[in-house]
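Thank you for making time for this short talk. Please have the sequence and the structure open in front of you, and follow along as I go from place to place.

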Amino acid sequence: MEEAEALATKIAIQVDGNLKCIGSAQHIKNRYGGGLEIELKTKLPSHENIEEMLKKINKKITDKLTRDQVKESLKLLKLEDSLGNEIKEDGSGSAIYAATRKHAKVDAKLVVDWILMEEKSLEINQFFEKNFTGVTMIEHY
C-alpha cells in the first residue's frame, strides 16, 4: 500500500481479475483496512529434509514423476486431501501441473520441495488459527 500511495492518488484493487475497490489510499484503509497483516518468509527445505521426504515416497532425487505418481506420493504421505486439489493451473501446485502437462513428468525434487513448503505453510496457518481469533491467510507462495 505504501508504494501505491507514493505513486498515485487513486488506487484500484483487483482480485482474480475482478475489480474489488477503487479510491484514495485513505478511503480504502478506512473501508477495508481492519486488522494487521503479517508477512512471513521461511527457509527453503534443506537437502536432508528433501532426502528424508524422498525416502518416505520411495523415490530418488533424479526420478521423474507422472501426475498419477505425484498423487500416489501425496496419498502415501496422507496429504491427498489437503494438497491433491492444489495441482491445477491456479493452485499452489501449478508448477507441477504445468510440468506434467507439458512434459508428462516432473522432477521428484520439485514435488518434494513443494510438499515440504506446503506442509510448513499449513503448520503456520494452524498455529495462527489456534492462537488468534479471526485469522485469514490471504495468500502464500
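Let me begin with the aromatic rings, where Phe127, Phe128 and Phe132 are linked by ring pairs into a cluster. Please keep in mind throughout that this is a predicted model, and that every value I quote has been computed from it. The structure holds 3 aromatic pairs, and I would like to look at one of them with you, the pair formed by Phe127 and Phe128. As a reminder, a pair of aromatic rings is described by the distance of the centres and the angle of the planes. How are the rings of Phe127 and Phe128 placed, stacked or edge-to-face? Their centres are 5.4 Å apart and their planes stand at 80°, and because an angle over 60 degrees counts as edge-to-face, that is what we call this pair.

The members of this cluster can also be described by how much of each is accessible. Phe128 has a relative accessible area of 19%, and since the cut-off for buried is under 20%, this residue counts as buried. Phe127, on the other hand, has a relative accessible area of 44% and is partly exposed, and Phe132 is partly exposed too, with a value of 43%. As for its position, Phe132 is found in the segment that comes after helix H7, which covers residues 108-131. If you compare Phe132 with Leu83, you will find them 49 residues apart along the chain, with 24 Å between their C-alpha atoms.

Now let us step back to the chain itself, which has 7 helices and 4 strands. Reading along the sequence, you meet them in the pattern α-β-β-α-α-β-α-α-α-β-α. Why do we say that the chain is more spread out than a compact globule? The radius of gyration is 19 Å, while the globule rule gives 14 Å for 141 residues, and the chain's value is well over that, so we describe it as more spread out. Along its principal axes, the C-alpha trace spans about 55 × 35 × 25 Å.

A few more totals belong with that picture. Of the 141 residues, 26% count as buried, and the accessible surface comes to about 10700 Å², with 49% of it belonging to carbon and sulfur atoms. If we take the contacts between residues at least 6 apart in sequence, 51% of them join residues that are at least 24 apart. The chain carries 22 positive and 24 negative charges, and the mean positions of these two groups are 3 Å apart.

With that background, please find helix H4, residues 67-76, and within it Ser73. Is Ser73 buried or exposed? Its relative accessibility is 2%, and therefore it counts as buried. Leaving aside residues up to four places away in sequence, Ser73 touches Ile57 and Leu65. From Ser73 we can move to Asn58, which is 15 residues away in sequence and 8.6 Å away in space, taken from C-alpha to C-alpha. Asn58 sits in the loop between helix H3 (47-56) and strand E3 (64-65), and with a relative accessible area of 61% this residue is exposed.

Another residue to find is Gly84, in the loop between H5 and helix H6 (94-103). Gly84 is buried, with a relative accessible area of 14%. Which residues does Gly84 touch, if we again leave out those up to four places away in sequence? The answer is Leu74 and Leu79. For Leu74 we also have a C-alpha distance, since Gly84 and Leu74 are 10 residues apart along the chain and their C-alpha atoms are separated by 6.9 Å.

Finally, I would like to draw your attention to two backbone angles. Asp16 has a phi near 50°, which is a positive value in a residue other than glycine, and Lys78 likewise has a positive phi, near 60°. Where in the chain do we find Asp16? Asp16 lies in the loop between strand E1 (11-15) and strand E2 (18-23), whereas Lys78 is in the loop between H4 and helix H5 (80-83). Asp16 counts as exposed at 76% relative accessibility, and Lys78 counts as exposed at 74%. That is where I will stop, and I am glad to take questions.

Methods: Residues are numbered from 1 along each chain as its sequence is written. This is a predicted model: local features need pLDDT of at least 70, side-chain atom pairs count only at pLDDT 80 or more; totals for chains, interfaces and linings use all residues. Side-chain values use heavy atoms; hydrogens and water are left out. The radius of gyration is taken over C-alpha atoms; the globule rule is 2.2 Å times the number of residues to the power 0.38. Buried means under 20% relative accessible area, exposed over 50%, partly exposed in between (1.4 Å probe, protein chains only). Contact means heavy atoms within 4.5 Å. Accessible areas come from the Shrake-Rupley method with a 1.4 Å probe; for residues, only the protein chains shown count as cover. Lys and Arg count as positive and Asp and Glu as negative; His and the chain ends are not counted. The place of a charge is taken as NZ of Lys, CZ of Arg, CG of Asp or CD of Glu. Rings of Phe, Tyr and Trp (its six-membered ring) pair if their centres lie within 6.5 Å; planes under 30 degrees apart count as stacked, over 60 as edge-to-face and the rest as tilted.
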